[in-house]
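Work through the exercises below with the sequence and the 3D structure at hand. Try each task before reading its solution.

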Amino acid sequence: MRFVFTPPGDDTAGLLTLPWSEPLEDWRDERLVEIRQRGISRHVVRFAAEGGGLYALKALHENLARREYRLLRFLAELSVPAVDVVGIVVDRGRDTDAILVTRFLDYSTSYRAIFSNPRGGQPTDRLLDALVELLVRLHLSGFFWGDCSLSNTLFRFDAGTLEAYLVDAETSEQHPALSDGQRNWDIEIAVERVAGELLDLQAGDLLPSEVDPFEIADELPRRYRLLWEELTREEILRPDEQRYRIAERLRRLNDLGFDVDEVELVSTNDGNLVRLRTRVAESGHHGRQLLLLTGLDVEENQARRLLNDITSFRAYLEQKQGRPVSEIVAANRWLDEVYDPVMTAIPADMRDRLPPAEIFHEILEHRWYLSEEAGRDVGTTAAARSYFDTVLPSVPRAFDTVNAGPGKVTGPDRGAAAREPRRGSRS
């Protein structure tokens, strides 16, 4: 038996004592965890809690396991949203599949769970936008998915929107770049898969009667082409307008969560041809800005919302003090006087419902509604108390888990879930 794990592996050393020599479906171990609403898989998939973390174990042919391991590591190098691969276990015995080990995605949820507990209105638009953005990111990286679907995706809430993460790369291919034919084929597969999954939800009475599965699925190519066009199109600009027009285009790309690695200007008879090379590897303009200011490592839309609150707090300080306040001073005072007190006040038994930054975002939304009703600003502290009393208790955990052995586990990793986003460098 051989273990091929990505270093460093200190936190996964305990996994080595699992019963690897037995078929995965026959395992009996107190560390095994059952995930509710986990979705459908063509392979045997089990979940194990070890060392404060939760891991997904998938049995499949060794060639496929090695291939998926390599592709997931490639996506990690590009920072494309995907599950974090830990390693593979091979040579487990005659006629026994290899096992691919991935780290469970904290605060994630499945599309079925989202439809079962809809928050913030009908989720089809948000799910579709998240899936399209993930597919575009993959294609810009030269990555052909081959099985794009809602089932092969996990979702995280990000300031009211959703971010999609690739889960299954079993049928994927890595290329220097994709042809139009490869991209179109991937889109066709996605349309077929999504339509089927929505029909399945409809059969289970999880889809509102006014939602047509085929209309939703047919919307996917249109949204894909709009985003692809914005990221890759070339345009002719006059010399006297190119500076502000390029700056405007860069801002739009930043707002979409993409960076530009290179701007190329080519002189033509009609003006300057502008080509932009989009950098997929370091998306998240607002996330990096917030990280530099505060050390908070959060999702992109959460970062945008928190930066807006810092800007508002800075204006309040300047008005109160009657003098300018630097951005870094305002950010540090905002952490000490606004953000940290709210995080400390989250009830201990509800800390694993949502990521801390998402809770803060929802408190800001709640504050706006309360202030509208009161006709005055109720303040963040009062809004937080009201949110903890009336809203947060009704939020389901991202994935409820039940230990297969004695006792209960009420979240994928209660210790990790309770911690706020790390302050410091990104991993």
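**Exercise 1. Decide how helices α9 and α10 are oriented to each other, and describe their contact.**

Solution. The end point is that α9 and α10 are roughly perpendicular to each other; the steps below show how to get there. The model is a predicted one.

Step 1. Find the two helices: α9 covers residues 327-345 and α10 covers residues 356-374.

Step 2. Take the geometry: the angle between them is about 100°, and their axes are 10 Å apart.

Step 3. Apply the cut-off: angles of 65 to 115 degrees count as roughly perpendicular. The pair α9 and α10 is therefore placed in that class.

Step 4. List the residues that meet. From α9 come W334, V338, Y339, V342 and M343, and from α10 come P356, A357, F360 and I363.

Step 5. Sort them by type: nine are nonpolar, with no polar and no charged residues in the contact of α9 with α10.

**Exercise 2. Do the same for helices α3 and α5, and add the handedness of the crossing.**

Solution.

Step 1. Helix α3 spans residues 124-140 and helix α5 spans residues 213-232.

Step 2. They pack at about 45°, with 9 Å between their axes.

Step 3. An angle under 35 degrees would be roughly parallel, and one of 65 to 115 roughly perpendicular. The helices α3 and α5 are therefore oblique to each other.

Step 4. The crossing of α3 over α5 is right-handed.

Step 5. On the α3 side, the residues in contact include L128, L131, L135 and H139; on the α5 side they include L220, Y224, L227 and W228. By type, the contact of α3 with α5 has 12 nonpolar, three polar and five charged residues.

**Exercise 3. Classify D91, Y107, A177 and D349 as buried, partly exposed or exposed.**

Solution.

Step 1. Recall the cut-offs: buried is under 20% relative accessible area, exposed is over 50%, and partly exposed is in between.

Step 2. D91 has a relative accessible area of 39%, so D91 is partly exposed. Its place is the loop between β5 (84-90) and β6 (98-103).

Step 3. Y107 has 16%, so Y107 is buried. It sits in the loop between β6 and α2 (111-116).

Step 4. A177 reaches 54% relative accessibility and therefore counts as exposed. A177 belongs to the loop between β10 (173-174) and α4 (180-203).

Step 5. D349 has 49%, so D349 counts as partly exposed. The loop that holds D349 runs between α9 and α10.

**Exercise 4. What is the sign of phi in D91, and what is it in Y107?**

Solution.

Step 1. Start from the general rule: most residues other than glycine have a negative phi.

Step 2. D91 is not a glycine, yet its phi is positive, at about 55°.

Step 3. Y107, also a residue other than glycine, has a positive phi near 65°.

**Exercise 5. Find where A177 and D349 approach other parts of the chain.**

Solution.

Step 1. A177 and S141 are 36 residues apart along the chain, and their C-alpha atoms are separated by 7.0 Å.

Step 2. Leaving out residues up to four places away in sequence, A177 touches G142 and Q182.

Step 3. For D349 and P393, 44 residues apart along the chain, the C-alpha separation is 9.4 Å.

Step 4. Turn to the whole chain: of contacts between residues at least 6 apart in sequence, 64% join residues at least 24 apart.

Key:
Residues numbered from 1 in each chain as written. Predicted model: local features only at pLDDT ≥ 70, side-chain atom pairs only at ≥ 80, totals over all residues. Heavy atoms only, no water. Axes fitted to C-alpha atoms, helices over the stretch in contact; angles between N-to-C directions. Helix = DSSP H or I, 4+ residues; strand = E, 2+ residues; numbered from the N terminus. Parallel < 35°, antiparallel > 145°, perpendicular 65-115°, else oblique. Left-handed = near helix turned anticlockwise from the far one by under 90°. Contact = heavy atoms within 4.5 Å. Nonpolar A, V, L, I, M, F, W, Y, C, P; charged D, E, K, R; others polar. Buried < 20%, exposed > 50% of the residue type's maximum accessible area, 1.4 Å probe, protein only.
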